[in-house]
Protein chains: 2
Amino acid sequence: MNDSRSAPYYGRHIFFCLNQRDNGDYCCAQHGAQEAFQHCKGRVKDEGLAGKGKVRVNKAGCLNRCAGAPVAVVYPEGVWYTYVDLADIDEIVEAHLKHGQIVERLVLPDEVGR
Amino acid sequence: MNDSRSAPYYGRHIFFCLNQRDNGDYCCAQHGAQEAFQHCKGRVKDEGLAGKGKVRVNKAGCLNRCAGAPVAVVYPEGVWYTYVDLADIDEIVEAHLKHGQIVERLVLPDEVGR
């Protein structure tokens with residue numbers, strides 16, 4: 001764990017699915033994903049967590065786990081979340097992105113797919 | 001390393017920055033990112049690599065390493081690539097996404113940022 005590869009460019013990189021399905025199928029964009037993304041990005045910036053070696057909050061296309069929408073994934077841990085409201089986002093920021101503690105109650109069950 | 005958390009939903013998750021900057025600044029979308037994304041997605045599907053426990057090829061918004069555009073990142077490893085053409089994408093698919101071998105010649109230097 002001593003080579004440069006062990007230090008990722010972003011310590012934690014969270015991707016929000018912002019996919020919009022034009023055919024009306026269940027998707028993240030119908031469930032406040034854009035607002036959650038913006039809120040997360042603002043909170044991370046306000047907390048001074050943003051940047052190289054720290055946190056990046058990213059838009060993503062369909063993550064293909066639509067049945068759990070809205071979803072987000074945190075790498076390099078590969079922890080997937082589903083959230084309901086902005087208080088959930090605050091908790092993910094404070095616990096996971098800031099302190100590395102997984103928010104168990106929001107973790108997306110492994111069997112949830114498209 | 002024996003708990004379920006150790007097995008990520010996708011074994012490898014590659015995100016292509018497809019960001020388009022409207023002001024004409026240097027960005028991935030100007031450098032064939034969309035075509036590279038589509039090509040990668042097609043190759044992964046054709047190779048039977050796509051799906052849960054395997055590989056996911058994803059669109060992403062700005063990854064904020066624009067000076068290295070076009071860029072993509074593979075998680076959970078956190079390996080960043082810059083690429084020139086579709087042959088580079090083929091090599092990333094074959095070596096990294098299929099066999100877990102980093103394509104050193106395409107790795108984005110750590111100091112490349114926005």
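A residue counts as buried under 20% relative accessible area, as exposed over 50%, and as partly exposed in between. Glu91(A), at 32% relative accessibility, is therefore partly exposed. This value, like the others below, comes from a predicted model.

## Two copies and their interface

The structure holds a chain A and a chain B in contact with each other. Chain A can be superposed on chain B by a rotation of 180 degrees, with 0.0 Å of shift along the axis and an RMSD of 0.0 Å. The two copies are thus related as by a two-fold rotation axis.

How many residues of each chain are in contact with the other chain? On chain A there are 26, and they meet 26 residues of chain B. Of the interface residues of chain A, 100% are also interface residues in chain B, so the copies meet through the same surface.

The size of an interface is often given as the accessible area lost when the parts come together. Between chain A and chain B the buried area is about 2,200 Å². Carbon and sulfur atoms give 49% of that area.

Polar pairs also cross the boundary. There are 14 residue pairs in polar contact across the interface of chain A and chain B, with both residues at pLDDT 80 or more. Which elements of chain A give two or more residues to the side that touches chain B? They are β1 (12–17), β2 (55–60) and β4 (79–82). Strand β2(A) gives the largest share, four residues. By type, the residues on this side of chain A divide into 13 nonpolar, five polar and eight charged.

Salt bridges join the chains too. Two of them are counted between chain A and chain B. In one, Lys52(A) pairs with Asp110(B), and the closest N and O atoms are 3.2 Å apart.

## Asn58(A), a buried residue in β2

Asn58(A) sits in strand β2 of chain A. Is Asn58(A) buried or exposed? Its relative accessibility is 1%, so Asn58(A) counts as buried.

The neighbours of Asn58(A) come from both chains. Leaving aside residues up to four places away in sequence, Asn58(A) touches His13(A), Ile14(A), Phe15(A), Phe16(A) and Phe37(A) in its own chain. From the other chain, Asn58(A) touches Ala60(B), Gly61(B), Cys62(B) and Leu63(B). His13(A) is 45 residues from Asn58(A) in sequence, yet their C-alpha atoms are 7.3 Å apart in space. The side chain of Asn58(A) also makes a polar contact of 3.3 Å with the side chain of Arg56(A).

## Around Arg105(A)

Asp88(A) belongs to helix α2 of chain A, which spans residues 86–99. At 5% relative accessibility, Asp88(A) counts as buried. Beyond residues up to four places away in sequence, Asp88(A) touches Tyr83(A), Arg105(A) and Leu106(A). With Arg105(A) there is a side-chain polar contact of 2.7 Å.

Arg105(A) has another partner. Its side chain meets that of Glu91(A) in a salt bridge of 2.8 Å, N to O. Glu91(A) lies in helix α2 of chain A and Arg105(A) in the segment after α2, so the pair ties together parts that are 14 residues apart in sequence. Arg105(A) is exposed, with a relative accessible area of 55%.

## Salt bridges over the structure

Side chains of opposite charge can pair when their charged atoms come close. Over all chains, a search of the whole structure finds 18 salt bridges. The table lists some of them.

| Salt bridge | N to O distance |
|---|---|
| Lys52(A) and Asp110(B) | 3.2 Å |
| Arg43(A) and Glu47(A) | 3.0 Å |
| Glu91(A) and Arg105(A) | 2.8 Å |
| Asp90(B) and Arg43(B) | 3.5 Å |

In chain A, Arg43(A) is partly exposed at 24% relative accessibility. Its partner Glu47(A) is partly exposed at 26%.

In chain B, Asp90(B) and Arg43(B) form a salt bridge. Asp90(B) lies in helix α2 (residues 86–99) and Arg43(B) in helix α1 (residues 33–46), so the pair ties together parts that are 47 residues apart in sequence. Asp90(B) counts as partly exposed at 29% relative accessibility. Arg43(B) counts as partly exposed at 25%.

Which residues of chain A do salt bridges with shared partners join into one network? They are Arg43(A), Glu47(A), Asp90(A), Glu94(A) and Lys98(A).

Conventions
Residues numbered from 1 in each chain as written. Chains lettered and ligands numbered in written order. Predicted model: local features only at pLDDT ≥ 70, side-chain atom pairs only at ≥ 80, totals over all residues. Heavy atoms only, no water. Least-squares fit on C-alpha atoms with pLDDT ≥ 70 in both. Contact = heavy atoms within 4.5 Å. Buried area = accessible area lost by both parts, 1.4 Å probe. Salt bridge = Lys/Arg side-chain N within 4 Å of Asp/Glu carboxyl O. Polar contact = N/O pair within 3.5 Å; in protein donor to acceptor, adjacent residues only side chain to side chain. Nonpolar A, V, L, I, M, F, W, Y, C, P; charged D, E, K, R; others polar. Buried < 20%, exposed > 50% of the residue type's maximum accessible area, 1.4 Å probe, protein only.
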